[in-house]
There are 2 protein chains.
Amino acid sequence: MESVTDTRQRIINSARDLMFARSYSEVGVQEICRDAGVQKGSFYHFFPSKRDLTLAVLDQLDTYFRNEVLGKAFAKDIPPVQRISRFFEMLYSGQSAIKAESGQLYGCPFGNLACEMSTQDEAIRKKIDHFFQAAEQPIAETLTEAMEQGDLPAIDPVASARAIFAYAEGIMLVAKTRNDPKVLRELGNHALQLVIPATVS
Amino acid sequence: MESVTDTRQRIINSARDLMFARSYSEVGVQEICRDAGVQKGSFYHFFPSKRDLTLAVLDQLDTYFRNEVLGKAFAKDIPPVQRISRFFEMLYSGQSAIKAESGQLYGCPFGNLACEMSTQDEAIRKKIDHFFQAAEQPIAETLTEAMEQGDLPAIDPVASARAIFAYAEGIMLVAKTRNDPKVLRELGNHALQLVIPATVS
């Protein structure tokens with residue numbers, strides 16, 4: 001017999017996959033229920049609304065990205081500067097896999113939802129903003145370590161980490177618009193330059 | 001008596017403003033008609049569908065951004081490197097004005113629509129991609145001029161322009177998610193670093 005946890009998780013997985021492939025507004029409760037194989041009554045037992053479900057989806061995506069993407073990209077098995085490159089390489093391989101399977105480049109699930117919903121739902125906007133700020137932390141720690149090891153000049157690691165994260169969101173957006181993962185590899189190579197003080201006249 | 005052109009333009013303006021403040025999916029033909037003060041029959045006389053109207057909105061936004069944003073930011077009245085900074089300063093002042101009026105930071109109308117619609121509508125995706133690639137051109141020309149004047153080291157101006165444009169989209173996305181135009185000013189300062197070759201160990 002299926003547990004309550006399984007049903008709730010199936011609803012979350014369906015919403016996550018359907019919204020990632022399309023958008024928040026284009027995916028309704030009825031379609032999520034059909035995809036998850038649950039009745040509407042069961043849906044509303046777990047989630048008062050699509051918005052509450054979306055907040056639960058974001059919580060699980062947050063955990064996934066912290067552990068599986070940021071945690072692995074910025075693991076200390078390689079020198080700090082190389083971890084930045086690994087992060088961008090992981091964005092490339094992740095989006096390449098999605099494109100190979102679906103024919104489409106979905107981009108960043110947080111960035112997509114932020115663009116669509118930030119002016120329309122404060123709870124969703126704030127949760128994504130919280131994730132963004134948390135995502136900058138391992139980048140800042142990595143830059144600090146690189147400075148301490150003499151691999152980078154003296155920079156502001158927090159401001160530089162924010163610039164690198166914003167750049168990652170930007171190249172994901174442009175790659176989605178071009179529907180071409182190569183954009184991520186080509187532009188990802190520029191990311192490290194964001195942390196080097198510019199010397200122009 | 002109002003001309004046909006006026007009616008068509010009023011529909012375009014309403015769609016542009018409503019979608020920019022919210023999203024494509026959350027704004028329907030009925031609301032656009034109400035806002036523009038036209039009957040549905042009149043709407044469908046001009047546009048077969050909301051999608052066709054959106055393509056017309058994008059064409060007008062394209063003209064506006066080329067002339068009023070890119071054209072003015074990259075005008076040759078100041079040294080080339082300073083034009084890059086002026087472009088980012090214009091993003092900051094534009095979004096600050098929107099925030100001051102509406103209480104919300106709307107971000108980039110092209111980037112928003114690209115995130116929401118790229119996997120759902122090929123015509124919309126391709127039109128935005130076309131605009132993105134055109135927007136990179138004045139940046140590349142400015143970088144080339146800076147190199148020729150000795151203000152920048154030898155770089156690939158086309159690749160660097162793409163990086164700068166993607167960075168602009170990224171900081172607009174993060175600023176929208178934080179609902180804070182200051183993000184644009186703080187992170188905009190890093191943009192020039194994208195064109196300086198990184199020297200890390």
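This is a short dialogue on how to read a predicted two-chain model.

Colleague: What should I know about numbering and confidence before I start?

Modeller: Residues count from 1 along each chain as its sequence is written, while chains are lettered from A and ligands numbered from 1 in the order written. The model is predicted, so local features need pLDDT of at least 70, side-chain atom pairs count only at pLDDT 80 or more, and totals for chains, interfaces and linings use all residues; side-chain values use heavy atoms, without hydrogens and water.

Colleague: How many helices and strands does chain A have?

Modeller: Helices (H or I, at least four residues) and strands (E, at least two) are DSSP runs, numbered from the N terminus. Chain A has nine helices and zero strands. Its C-alpha trace spans about 65 × 35 × 30 Å along the principal axes.

Colleague: How do I read burial, and what share of chain A is buried?

Modeller: Buried means under 20% relative accessible area, exposed over 50%, and partly exposed in between (1.4 Å probe, protein chains only). In chain A, 57% of the 201 residues count as buried.

Colleague: Which contacts in chain A span a long stretch of sequence?

Modeller: Contact means heavy atoms within 4.5 Å. Take the contacts in chain A with a separation of 6 or more: 62% of them join residues 24 or more positions apart.

Colleague: How are the two chains related?

Modeller: Two copies of a chain are related by a rotation about an axis and a shift along it. Copies are superposed by least squares on C-alpha atoms of residues with pLDDT of at least 70 in both. Here a turn of 180° and a shift of 0.0 Å along the axis lay chain B on chain A, with an RMSD of 0.0 Å. The two copies are thus related as by a two-fold rotation axis. In chain B, B:Gly170 comes closest to that axis, at 1.7 Å (C-alpha).

Colleague: Why do the copies meet through the same surface?

Modeller: Because 100% of the interface residues of chain B are also interface residues in chain A.

Colleague: How many disulfides are there?

Modeller: A disulfide is a pair of cysteine sulfur atoms within 2.5 Å. The whole structure has zero. The sulfur of A:Cys115 lies 3.5 Å from its closest cysteine sulfur, in B:Cys115, so it is too far for a bond. A:Cys115 is buried, at 3% relative accessibility. A:Cys33 is buried too, at 4%.

Colleague: Where is B:Ala36, and which residues does it touch?

Modeller: B:Ala36 is in helix α2 (residues 29-36) of chain B. At 6% relative accessibility, B:Ala36 is buried. Beyond its neighbours within four places in sequence, B:Ala36 contacts B:Arg10, B:Ile11 and B:Ser14.
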